[in-house]
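This briefing goes through one structure for a reader at the bench, taking its metal sites, its interior and a few single positions in turn. Please keep the sequence and the structure in view while reading.

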Amino acid sequence: MSTSAPPAGDIGTNTPALPTPRGPLSDAVVTALAGSPGAPLPPAGRDVDPFGEDLTIALHTCYELHYRSFRHVDPLWEWDPELLRLRAGLEAVFLDAVRAEVGDGTDVAAVLDELLVEPVPGNGVSHHLRDAGEWWQVREYLVHRSVYHLKEADPHAWVIPRLQGQAKAALVAVEFDEFGGGHGERMHSRLFADLLVASGLDGGYLGHFDDVPAPAVAVVNLMSLFGLHRRLRGAMVGHFAAAEITTAPSAHRITQGLLRLGGGPASTLFFTEHVEADAVHEQVLRRDVIGDLLAREPDLAPDVVLGVRATNLLETRLADHLLECWHAGRSSLRRPLPPHPGPA
Ligand SMILES: [Fe+2]
Ligand SMILES: [Fe+2]
């Protein structure tokens, strides 16, 4: 486990190792990637759990070839037709299940407004972390989120060439903030790596991956799915807006929880950075990105709704998993973390 901070602007220098398989599909993918491109792969099949460990890890492993890839994996695998065929099958199972859960809709403003309405009293993960969460639960939360935050905003960059005019310009302005406004040490992914290290965790890219269960990984798969397919550009934008709308209030609550547990700036910076920034990003996404996109391509409204609702669906599944485990007094990870004294 690396305990030192990565160099400025980098999330460690590591290319991750291939993950440990969690079933026959992920085993087929991992085994194939360890060998030469062109090897035959099995079909995805339709009888696999669309939200289960096996499919989720298989799909994530396919997607990672487009990000940092893995140690000792031939780069030609990224565009290997057999692997892309299997990936398409996995994506179809996953996306069909998501669509079946969220249904159809075209009222973008209404679904975005729904996200702003919070139950009173709040019962989400950030409410728990603010009011009663223990340090080991905060650390587990950071580990779940590390799968995304160490590549924060990368999946949304895929959509840039698929947008035009004001929608493109405004989305890039938000991405500029996410990527540190020109400063490597201010990239949100880097701030998160610093937070992991300050919390006694591995700040390396995918450093905790084998310990993270499917619900947190599925959240990241959704972004890669929306980002990598031009036809789903509306859903990617909907996802981005949903994430920005919900982040500011939850980042504020987590900051309060960290302060209650004795944390200082090293623990809270990532979250305080998001309280102000995402209040602005939310407005830009709603007005300039979604507004302009739908003015140009009104037929994308159902996809924007899909993106918002799918994000909410998978975040809710993750929250349910975390709170169910914690309320039962057990770890929400596949392997509990070693004890750690408290926040920095
Ligand atoms: Fe961010
Ligand atoms: Fe943001």
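Is helix 6 mostly covered or mostly uncovered, and how many of its residues are buried? In this predicted model, helix 6 is mostly covered, with 14 of its 15 residues buried. The points below begin with the two iron ions and then turn to helices, core and loops.

**Iron ion (ligand 1)**

- The iron ion (ligand 1) takes its protein donors from Glu152 (OE), Glu178 (OE), His188 (ND1) and His274 (NE2), which lie 1.8 to 2.1 Å from the ion.
- The angles among the four donor atoms run from 83 to 169 degrees, and the site of this ion is irregular.
- Along the chain, the donors of the iron ion (ligand 1) follow the spacing E-x25-E-x9-H-x85-H.
- Because Glu152 sits in the loop between helix 6 (135-149) and helix 7 (154-157) while His274 belongs to helix 12 (residues 265-296), this pair ties together parts that are 122 residues apart in sequence.
- Glu152 and His274 are both buried.

**Iron ion (ligand 2) and the bridge**

- The iron ion (ligand 2) is coordinated at 2.0 to 2.6 Å by Glu178 (OE), by Glu244, which is listed with OE twice, by Asp278 (OD) and by His281 (ND1).
- The donor residues of the iron ion (ligand 2) are spaced E-x65-E-x33-D-x2-H in sequence.
- Glu178 bridges the iron ion (ligand 2) and the iron ion (ligand 1), and the two ions lie 3.9 Å apart.
- Glu244 lies in helix 11 (residues 233-260) and Asp278 in helix 12, so this pair ties together parts that are 34 residues apart in sequence.
- Glu244 and Asp278 are both buried.

**Helices and the nonpolar core**

- Helix 6 has 15 residues and reaches 19 Å from its first C-alpha to its last, which is close to the 21 Å expected at 1.5 Å a residue.
- Helix 10 (residues 214-228) also has 15 residues and reaches 20 Å between its first and last C-alpha, again close to the expected 21 Å.
- Because 14 of the 15 residues of helix 10 are buried, this helix is largely enclosed by the rest of the structure.
- The largest nonpolar core has 105 residues, and those with the most contacts inside it are Leu90, Phe94, Tyr141, Leu142, Phe226 and Phe271.
- Helix 13 (residues 301-327) gives the most to this core, with 14 residues.
- Leaving out residues up to four places away in sequence, Leu90 touches Leu25, Ala44, Leu55, Ala58, Leu59 and Cys62.

**Two loop positions**

- His66 is found in the loop between helix 2 (53-64) and helix 3 (81-102), and it counts as buried because its relative accessibility is 10%, under the 20% cut-off.
- The side chain of His66 makes a polar contact of 2.8 Å with the side chain of Glu78.
- Apart from neighbours within four places in sequence, His66 is in contact with Glu78, Trp79, Arg87, Trp158 and Leu228.
- Gly38 has its place in the loop between helix 1 (24-33) and helix 2, and with a relative accessible area of 52% Gly38 is exposed.
- Not counting residues up to four places away in sequence, Gly38 touches Trp77 and Asp80.
- Gly38 and Pro81 are 43 residues apart in sequence, and their C-alpha atoms are 7.8 Å apart in space.

Conventions:
Residues numbered from 1 in each chain as written. Chains lettered and ligands numbered in written order. Predicted model: local features only at pLDDT ≥ 70, side-chain atom pairs only at ≥ 80, totals over all residues. Heavy atoms only, no water. Donors = N, O, S within 2.8 Å, 3.2 Å for Na, K, Ca; no water. Tetrahedral: all angles 85-135°; square planar, octahedral: opposite > 155°, others 65-115°. Helix = DSSP H or I, 4+ residues; strand = E, 2+ residues; numbered from the N terminus. Buried < 20%, exposed > 50% of the residue type's maximum accessible area, 1.4 Å probe, protein only. Core = buried A, V, L, I, M, F, W, Y, C linked by side-chain atoms within 4.5 Å. Contact = heavy atoms within 4.5 Å. Polar contact = N/O pair within 3.5 Å; in protein donor to acceptor, adjacent residues only side chain to side chain. Expected span 1.5 Å × (residues − 1).
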